[in-house]
Each structure stands twice: as C-alpha cells, then as structure tokens.
Amino acid sequence: MTDRYVVIGNPIVHSKSPQIHARFAQQTGEDIAYDRLLAPLDGFEASVRDFIAGGGCGANVTVPFKLEAFALADELSRRAQAVGAVNTLKFSGGRIYGDNTDGVGLVRDIVTNAGVAVAGSRVLLLGAGGAARGVILPLLEQQPERIVIANRTLSKADELVAQFAQGDSPLSAARFGDLHDRFDIVINATSASLSAELPPVPASAFSSATFAYDMMYGAAPTVFLQMAAAHGAQVRDGLGMLVEQAAESFLIWRGVRPDTLPVYQWLREQL
Ligand code: NDP
C-alpha cells in the first residue's frame, strides 16, 4: 500500500513540497503519495491526529504551526530541541517523532551545493526570528571563526546568543548600525525580502570575496541579493535550502537520500 505524507500549513496552496517529494519518490522508486493539508488555525493537532488515524506516515509542517508541532511530538531530535520548532513529523508505532531540517538544509546548500566553506569563516546572520534560530546550531557545527547575529531588535539577537553560546563561543550579537567589519558569508534570515525591503546592512560588510545568501527565493533576485551583487559578492537565493530541507525529511521518512540537483534545476525553471 502507498505510504501517505502531507505538508500541513495555513495557507498551504502555494507550497512546492508536493512537487519536490513527487520527484524524489520517482527518482528513488519509493512508493509514496504526498499532498497538501490545510489545517484550520485552531485545528492543527486535530488535523494531525485525523491524518494519523487514516494511516498517514509523516508530515512536513509550515507556517504557522512549527511551534505546535514541537509541542505535539512525543520524541524530539536534538536539533528540534535546540530550535524549539518542528518542520518534520514521523508517525510510527503510535508515537510522534519531531525533527527540524531547515538548518541542515541551509548548511548543505551553502557547503555542498555552492561549495562555500563555513569552517573558519566570518559569518554575518541577519535576523533573529524563527529562520535564524533554526540555522545557528548547524552553522556552529561547521566551526566558523565567528557568527555575528544582527537584528533590528537587539534583545532578540542577545537572546539567541544566550541560548546557543557555550564557553568560548564564536557567537555574538550586534545592531546593524554597529557593523563595521567585512564578512565571508552574509545570510539574510530576515523577512524583509517578503516586502521587497532591504535590511539595513552596511555596504562595508561585503567584498568580492563575500558569499551572500537570501533564505527567500523567487524568479528575480531579492533587493538584498541585488545590493550584495552590486558590491561584488557571489549570491544565492533560498531555493536550494527549500529542496535540501525536503531531502532531509525524505531521508528521515524513507531512509534514502534523494539526488537534489535535478529537482533544484527543475524547480528553478518553474519560477
Ligand atoms: P520571523 O517573523 O520569525 O522573523 C522575522 C525577522 O526579520 C526578525 O528578525 C525581524 O526583526 C526581521 N525583519 C523583518 N523586517 C525587517 C526589515 N524591514 N529590516 C530588518 N529586519 C527585518 O520570520 P522567519 O524567521 O520565520 O522567516 C524569515 C525568512 O526566512 C522569510 O523570508 C522566510 O520565507 C524565510 N525562510 C526560508 C526557508 C527556505 O527553505 N528557503 C525556510 C524558513 C524560512 P525584528 O526582530 O526586529 O522584528
């Protein structure tokens, strides 16, 4: 019997996950069906339990339910515990296992796909919301020289440093206005790009040796990537992160890691 998976969110109609997982399944020969599931804003848990009762095997979770998915899980991965949010659920033996694959998806896209080393590099992380929180641990595991978290609201960046910095940590917080150094990697994890705004990062952060990454993706480069490119930086948007976090979920569910490049190239053509 075909194993069933869904991506749960509200709204959900825009999600590309069904197309991505259909291609992963085709490529690996795994017999799965993957659909969108619109949960009412006050009905996440009921929707999940209904899906499990109907024989569902796993789910991806997106906005605004990642915190509720964290609370619902009976068992959590270390990285889900660190982030406090879950984007991947696996249902087995009457138990709910929760994981978070966003951060590892970003790091794989930067290190493996773009070929940019995080190890030993100076990283500037813009933003201190859910997306930023999710990538700090996987970035730290790469052993960068330093990670500066810059956020409009400094207290939120301070909170992340307090949570993730242990001992002699490379992690620190800053206001945008206090940034004067050049960085090897600049990651935009703010939601500014959604409204075509630019986070107030100074031009001095970029050089021709900088790699700039925007977690947002689209047919055209974001204003952030346009600015970074204008200062000579190599740029990349978040489409690869989307595909890599999906591949990691697929691995958790099916035990096989799909080849992401053809799926990434196909999705790029659809934008
Ligand atoms: P949150 O709402 O949790 O956080 C938003 C962050 O953006 C805050 O740090 C906020 O600062 C900052 N911000 C918002 N507007 C501006 C602005 N105009 N200038 C400077 N800073 C600003 O959002 P998320 O962390 O959940 O999402 C952030 C982005 O990451 C989204 O664009 C989302 O699409 C993307 N994303 C991409 C993924 C992928 O697979 N490619 C996966 C997950 C997320 P303050 O604290 O001061 O309000």
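These legends describe close-up views of a predicted model. Residues are numbered from 1 along each chain as its sequence is written, and side-chain values use heavy atoms, leaving out hydrogens and water. Local features need pLDDT of at least 70 and side-chain atom pairs pLDDT 80 or more, while totals for chains, interfaces and linings use all residues.

**View 1. An open, parallel sheet of six strands.**
The strand order is 9-8-7-10-11-12. Strands here are DSSP runs of E with at least two residues, and helices are runs of H or I with at least four, both numbered from the N terminus. Two strands pair if DSSP finds at least two bridges between them. Strand 9 (171-174) and strand 12 (234-236) are the edge strands, and each pairs on one side only. Neighbouring strands of this sheet are turned by 20° against each other on average, direction ignored. Axes are lines fitted to C-alpha atoms, for helices over the stretch in contact; angles run from 0 to 180 degrees between N-to-C directions. Inside the sheet, five bridges link strand 7 (residues 122-126) and strand 8 (residues 146-150) in the parallel sense. Leu125 stands opposite Ile149 in strand 8.

**View 2. Helix 5 on the parallel sheet.**
Helix 5 (residues 102-113) lies across strand 10 (185-188), strand 11 (211-214) and strand 12. Contact means heavy atoms within 4.5 Å. The helix runs at about 145° to strand 11.

**View 3. An open sheet of six strands with mixed pairing.**
The order is 2-1-3-5-6-4. Strand 2 (32-38) and strand 4 (75-76) stand at the edges with a single partner strand each, so one side of each has no neighbour in the sheet. Strand 3 and strand 5 (residues 88-92) run antiparallel, joined by three bridges. Ala59 stands opposite Leu89 in strand 5.

**View 4. Helix 1 and helix 9 on the mixed sheet.**
Helix 1 lies across strand 1, strand 2 and strand 3. It runs at about 175° to strand 2. Helix 9 lies across strand 1, strand 2, strand 3, strand 5 and strand 6 (95-99). Its angle to strand 5 is about 10°.

**View 5. The ligand and its shell of 21 residues.**
A residue belongs here if one of its heavy atoms lies within 4 Å of the ligand. The closest are Ala131, Asn151, Thr153, Lys156 and Met215. Helix 6 (130-141) and helix 9 (239-254) each supply at least two residues of the shell. By class, the shell has 10 nonpolar, eight polar and three charged residues. Nonpolar means Ala, Val, Leu, Ile, Met, Phe, Trp, Tyr, Cys and Pro; charged means Asp, Glu, Lys and Arg; the others, Gly among them, are polar.

**View 6. Polar contacts to the ligand.**
A polar contact is a pair of N or O atoms within 3.5 Å. A polar backbone atom of Ala128 is 2.9 Å from an oxygen atom of the ligand. A polar side-chain atom of Asn151 lies 2.7 Å from a ligand oxygen atom. An N or O atom in the side chain of Glu197 is 2.9 Å from a nitrogen atom of the ligand. The protein covers 77% of the 950 Å² of accessible area that the ligand has on its own. Areas come from the Shrake-Rupley method with a 1.4 Å probe.

**View 7. Backbone geometry in three loops.**
Most peptide bonds are trans, and most residues other than glycine have a negative phi. A cis bond joins Asn10 and Pro11, with omega about 5°. Pro11 sits in the loop between strand 1 (3-9) and helix 1 (17-28). The bond from Val63 to Pro64 is also cis, with omega near 5°. Pro64 lies in the loop between strand 3 (58-61) and helix 3 (66-72). Gln143 has a positive phi, near 60°. Its place is in the loop between helix 6 and strand 8.

Terms used: A polar contact is a pair of N or O atoms within 3.5 Å; within protein, one must be able to donate a hydrogen and the other to accept it, and residues adjacent in sequence count only if both atoms are side-chain atoms.
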